[in-house]
Amino acid sequence: MTEPQHEEGVAFAQRMWDDDVASRGLGMVIDLLERDHAVVRMPIREDMVNGHDICHGGFIFTLADSCFALACNSRGATTVAAGADITFTAPGRLGDVLVAEGVVRSAFGRSGITDVTVRRESDGQIIAEFRGRSRSLRTT
């Protein structure tokens, strides 16, 4: 693929993000967006902490899922999740900033696999590992 097509795919993903009210509402910001690769950060706020005084896993999943969406849409085709798995390895706490890094590992036909690692910014501790399965939608 030529460089201009790479840029068009990244611009497509950026437009998707610009319309993503949910991710912005959770305080997520893009640190990096390029073809097949994205980095997104999110601070853990008081309204994200559960009854165990740790970040609710749903918010961590949402961060990883948003990063996944950017990475797999950076090819320029409308791409959605077909499924995903997450493994939580350490807790996030109030005030932590979580950084998700997503990389498309494989793209075949209209399907793909994208891995996202979520780390705590302050010490690099891995908080979660996410694997998303994607499917590009047919255009009519």
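In this predicted model, R45 is partly exposed, with a relative accessible area of 29%, and its side chain meets that of D47 in a salt bridge in which N and O are 3.0 Å apart. The partner residue, D47, is exposed, its relative accessible area being 52%. Side chains of opposite charge can pair when their charged atoms come close, and by the rule applied here the count comes to 10 salt bridges.

A second pair of this kind joins the side chains of D36 and R35, with a distance of 4.0 Å from N to O. Because residues under 20% relative accessible area are classed as buried, D36 counts as buried at 15%, whereas R35, with a relative accessible area of 22%, is partly exposed.

A further salt bridge is formed between E121 and R41, whose closest N and O atoms are 2.1 Å apart. E121 lies in the loop between β5 and β6 while R41 belongs to strand β2, so the pair ties together parts that are 80 residues apart in sequence. Both residues fall in the intermediate class of exposure: E121 is partly exposed, with a relative accessible area of 43%, and R41 likewise counts as partly exposed, at 22% relative accessibility. The two residues also belong to a network of salt bridges in which D31, R41 and E121 are linked.

The strands of the model are arranged in an open sheet of six, in the order β1-β2-β4-β5-β6-β3, with antiparallel pairing. The edge strands are β1, covering residues 29-34, and β3, covering residues 79-88, each of which pairs on one side only. From one strand to the next, the twist averages 20°. Strands of a sheet pair through backbone hydrogen bonds, either parallel or antiparallel. In the case of β2 and β4, which run antiparallel, seven bridges join the two strands, and V40 stands opposite A100 in β4. Helix α3 lies across β1, β2, β3, β4, β5 and β6, and runs at about 155° to β2.

The largest nonpolar core contains 28 residues, of which L63, V116 and V118 touch the most other members. Two or more residues are given to this core by each of α1 (3-18), β2 (37-43), α3 (57-73), β4 (97-108), β5 (111-120) and β6 (126-136). The most is given by α3, which supplies eight residues.

The surroundings of V118 illustrate how separate stretches of the chain meet. When neighbours within four places in sequence are left aside, V118 is in contact with I60, L63, A64, L98, V99, A100, Q125, I126, I127 and A128. Among these contacts is I127, a residue found in strand β6 and buried, with a relative accessible area of 0%. Not counting residues up to four places away in sequence, I127 itself touches I60, T87, F88, T89, A90, P91, G92, L98, V118, R119 and R120. I60 and L98 therefore appear in the contact lists of both V118 and I127, given that contact means heavy atoms within 4.5 Å. Between I127 and F61, the separation is 66 residues in sequence and 11 Å in space, taken from C-alpha to C-alpha.

Notes: Residues are numbered from 1 along each chain as its sequence is written. This is a predicted model: local features need pLDDT of at least 70, side-chain atom pairs count only at pLDDT 80 or more; totals for chains, interfaces and linings use all residues. Side-chain values use heavy atoms; hydrogens and water are left out. A nonpolar core is a set of buried Ala, Val, Leu, Ile, Met, Phe, Trp, Tyr and Cys residues joined through side-chain atoms within 4.5 Å. Buried means under 20% relative accessible area, exposed over 50%, partly exposed in between (1.4 Å probe, protein chains only). Helices (H or I, at least four residues) and strands (E, at least two) are DSSP runs, numbered from the N terminus. Two strands pair if DSSP finds at least two bridges between them. Axes are lines fitted to C-alpha atoms, for helices over the stretch in contact, and angles run from 0 to 180 degrees between N-to-C directions.
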